[in-house]
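Biologist: I'd like to learn how to read a protein model. Could you walk me through one, feature by feature?

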Amino acid sequence: MQEICGNVMCLLSIRRIIYVHCWGMNQHMYMRFLIRLTIFIIVIKYQKKMVEKGKWDKLRKQYLDSDKTTQVALAKACAASRNDGSVNILTSLLEVDDVDVKIAAVTSLGEVGDDHVTALIRQLAVKTPADQTELKAAITKALEKIVERA
């Protein structure tokens, strides 16, 4: 039941995004947007399957140096596995300059990381400027989750 509710909420969210994002678009722009959205969804599903199968080298080669949106999706997909390969990809994503990618990586490390990654997360906390409050909050929450599990 929970999975069905989650899927329905996801579909409603996508519908709302399409409606808001596409307001005032001509048909050609609308079709381009739908194609890009479809490709993005396919990439997310493919990443999840690769995480489940443990294809860490392939994930690293194909997606680690890609665009921000794909890196965020990769970080979220890696939250499904506590494998060392997943943790290695997430720690690599901590080095990316984009704040949203770092937030996704830290959040996922909070889900799958162990006490070995706490030093890296604390180091990131020290390097993070005070005005990046969302990243600071994600770091705090991730450290709390790791400590809870330990």
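Modeller: Let's start with the overall layout and then go into details. Keep in mind that this is a predicted model.

Biologist: Okay, how many helices and how many strands are there in the protein chain?

Modeller: The count is 8 helices and 0 strands. Read from the N terminus, the order of elements is α-α-α-α-α-α-α-α.

Biologist: And what share of the residues counts as buried?

Modeller: Of the 150 residues in the chain, 34% are buried. The chain exposes about 10200 Å², and carbon and sulfur atoms supply 56% of that. There's also a way to look at how the chain meets itself: among contacts between residues at least 6 apart in sequence, 54% join residues at least 24 apart.

Biologist: Now a single helix. Why is α4 described as largely enclosed by the rest of the structure?

Modeller: Buried means under 20% relative accessible area. In α4, 8 of the 11 residues are buried, so the helix is largely enclosed by the rest of the structure. The buried ones are T70, Q71, V72, A73, L74, A75, A77 and C78.

Biologist: What covers those buried residues of α4?

Modeller: The cover includes α2, α3, α5 (84-93) and α6.

Biologist: Let's move on to charges. How do I spot a salt bridge?

Modeller: Here's the general idea: side chains of opposite charge can pair when their charged atoms come close. In this model the count comes to 2 salt bridges.

Biologist: Which residue forms a salt bridge with K68?

Modeller: K68 pairs with D100, and their closest N and O atoms are 2.6 Å apart. This pair links distant parts of the chain, with K68 in helix α4 (residues 68-78) and D100 in helix α6 (residues 99-112), 32 residues apart.

Biologist: Are K68 and D100 buried or exposed?

Modeller: In between! K68 is partly exposed because its relative accessible area is 37%. D100 is partly exposed too, with a value of 35%.

Biologist: And what does K145 form a salt bridge with?

Modeller: With E111, where the closest N and O atoms are 2.4 Å apart. Again the pair links distant parts of the chain: K145 sits in helix α8 (residues 133-149), E111 in helix α6, and they are 34 residues apart. K145 is partly exposed at 28% relative accessible area, and E111 is partly exposed at 32%.

Biologist: Charges can also gather at the surface, I guess. Which residues form the positive surface patch?

Modeller: K45, K48, K49, K53, K55 and K58. Helix α2 (residues 27-53) gives the largest share, 4 residues. K58 belongs to helix α3 (residues 56-63). A patch residue needs over 30% relative accessible area and no salt bridge. K58 is partly exposed, with 41%.

Biologist: One last thing: how do I read a residue in a loop? Where is T128?

Modeller: T128 lies in the loop between α7 (118-127) and α8.

Biologist: Is T128 buried or exposed?

Modeller: T128 counts as buried because its relative accessibility is 7%. To see what lies around a residue, leave out its neighbours in sequence and list the rest. Not counting residues up to four places away in sequence, T128 touches L135, K136 and I139.

Biologist: How far apart are the C-alpha atoms of T128 and V99?

Modeller: They are separated by 9.7 Å, while the two residues are 29 apart along the chain.

Terms used: Residues are numbered from 1 along each chain as its sequence is written. This is a predicted model: local features need pLDDT of at least 70, side-chain atom pairs count only at pLDDT 80 or more; totals for chains, interfaces and linings use all residues. Side-chain values use heavy atoms; hydrogens and water are left out. Patches are made of residues with over 30% relative accessible area and no salt bridge: like charges are joined within 9 Å, nonpolar side chains (Val, Leu, Ile, Met, Phe, Trp, Tyr) within 5 Å. Accessible areas come from the Shrake-Rupley method with a 1.4 Å probe; for residues, only the protein chains shown count as cover. A salt bridge is a side-chain nitrogen of Lys or Arg within 4 Å of a carboxyl oxygen of Asp or Glu. Lys and Arg count as positive and Asp and Glu as negative; His and the chain ends are not counted. The place of a charge is taken as NZ of Lys, CZ of Arg, CG of Asp or CD of Glu. Helices (H or I, at least four residues) and strands (E, at least two) are DSSP runs, numbered from the N terminus. Buried means under 20% relative accessible area, exposed over 50%, partly exposed in between (1.4 Å probe, protein chains only). Contact means heavy atoms within 4.5 Å.
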